[in-house]
Amino acid sequence: MLLEVGKISERGFSLDFQMVVNQRYLVEGKADSPFDIHLELERKGERVKSRSRVQGKVKLICSRCADEFSYGIDSEFSVDILPVYYLREEKVSLQDKELDTIFYKDGKIDIEKLIADQINILIPMKPLCKPDCKGICPVCGANRNKVDCGHKIEALNPKLSQLKPIPEVKNGSA
Ligand SMILES: [Zn+2]
Ligand SMILES: [Zn+2]
């Protein structure tokens, strides 16, 4: 989905649409249902300002139990989109670098890539199907969310070990 920069009105416009994100654009996860996109674009010469809201779901694999689960995404972004030759000609100011800036080439913005990049940012490094996912039993390999295999496991998770009762210390002075 390529948008010609020259066709973006200087007064700006907004667009609501659904988009199935091409799998090759996603670093992680599977997008199997379309995303709801609200996109606002505004142009000043070659510079484009984009504001967008992305809502949808990505299928991820839980980093603890390896089950597939649905991860909800609902986020807003603002980015500046500049022609890529600005980079070569060092027209990109320090201020531009501080803002979220992306680049377009051949006078066209790849909207699908723009949206996919925003989804990629939101996908956690170690996704969890639920915050208290019990993971896989290292003894028998059972998914401990589904099966209580009864194996005792030393807590590897610091949160779990914090829950262990603190050994009683005899207070000599009492
Ligand atoms: Zn899990
Ligand atoms: Zn087990």
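Which residues have the most contacts inside the largest nonpolar core?

## The nonpolar core

In this predicted model, the residues with the most contacts inside the largest nonpolar core are Val21, Phe35, Ile37, Val54, Ile109, Ile115 and Ile119, and the core as a whole has 17 residues. The elements that give two or more residues to this core are two strands, β3 (35-44) and β4 (47-61), and one helix, α3 (111-122). As a general background to such a cluster, nonpolar side chains tend to be buried together in soluble globular proteins.

Ile109 can serve as an example of how the core is connected. When its neighbours within four places in sequence are left aside, Ile109 is in contact with Leu3, Val5, Val48, Ile81, Tyr104 and Leu114.

## Overall layout and confidence

The protein chain has four helices and seven strands, and these follow one another along the sequence in the pattern β-β-β-β-β-α-α-β-β-α-α. Buried residues make up 15% of the 174 residues in the chain. Of the contacts with a separation of 6 or more, 56% are accounted for by residues 24 or more positions apart.

The mean pLDDT of the chain is 86, with 83% of the residues reaching 70 or more. Confidence is highest in β3, at 96, and lowest in helix α4 (residues 158-163), where the mean is 54. Where pLDDT is low, the predicted coordinates should not be read in detail.

## The five-stranded sheet

Five strands form an open sheet in the order β2-β3-β4-β5-β6, and their pairing is mixed. The edges of this sheet are β2 (13-19) and β6 (101-104), each of which pairs on one side only. On average, and with direction ignored, neighbouring strands are turned by 35 degrees against each other. In general, the strands of a sheet pair through backbone hydrogen bonds, either parallel or antiparallel.

β2 and β3 run antiparallel and are joined by seven bridges, while β3 and β4 pair in the antiparallel sense over nine bridges. Ile37 of β3 takes part in both pairings, being the bridge partner of Phe17 and standing opposite Val54 in β4. Ile37 and Val54 are also among the residues with the most contacts inside the core. The edge strand β2, by contrast, is hardly covered, since the count of buried residues among its seven residues is zero.

## Helix α3 against the sheet

What does α3 touch where it packs on the sheet? The helix touches β2, β3, β4, β5 (68-83) and β6, and its direction makes about 55 degrees with that of β4. α3 has 12 residues and reaches 17 Å from its first C-alpha to its last, which is close to the 16 Å expected at 1.5 Å a residue.

The buried residues of α3 are Leu114, Ile115, Ala116, Gln118 and Ile119, and what covers them includes β2, β3, β4, β5, β6 and β7 (108-110). An α-helix has 3.6 residues a turn, so residues three or four places apart point the same way. Of the buried residues in this helix, Ile115 and Ile119 are also among those with the most contacts inside the core.

## Loops and exposed positions

Two residues that are not glycines have a positive phi: Ala66, at about 65 degrees, and Asp106, at about 55 degrees. Ala66 is found in the loop between β4 and β5, and Asp106 has its place in the loop between β6 and β7. Are these positions buried or exposed? Ala66 is exposed because 11 other C-beta atoms lie within 10 Å, and a residue with 12 or fewer counts as exposed. Asp106 also counts as exposed, with 9 C-beta neighbours inside 10 Å.

The loop between α3 and α4 holds Lys126 and Lys146. Lys126 counts as exposed, with 7 C-beta neighbours inside 10 Å, and so does Lys146, with 10 such neighbours. From C-alpha to C-alpha, Lys126 and Leu60 are 9.8 Å apart in space, although 66 residues apart in sequence. Lys146 and Lys134 are 12 residues apart in sequence and 9.2 Å apart in space, again from C-alpha to C-alpha.

Terms used: Residues are numbered from 1 along each chain as its sequence is written. Chains are lettered from A and ligands numbered from 1 in the order in which they are written. This is a predicted model: local features need pLDDT of at least 70, side-chain atom pairs count only at pLDDT 80 or more; totals for chains, interfaces and linings use all residues. A nonpolar core is a set of buried Ala, Val, Leu, Ile, Met, Phe, Trp, Tyr and Cys residues joined through C-beta atoms within 7 Å. A residue is buried if 20 or more other C-beta atoms lie within 10 Å of its own, exposed if 12 or fewer, and partly exposed in between; C-beta atoms are placed from the backbone. Two residues are in contact if their C-beta atoms, placed from the backbone, lie within 7 Å. Two strands pair if DSSP finds at least two bridges between them. Axes are lines fitted to C-alpha atoms, for helices over the stretch in contact, and angles run from 0 to 180 degrees between N-to-C directions. pLDDT is the predictor's confidence in each residue, from 0 to 100. The expected span of a helix is 1.5 Å times one less than its number of residues.
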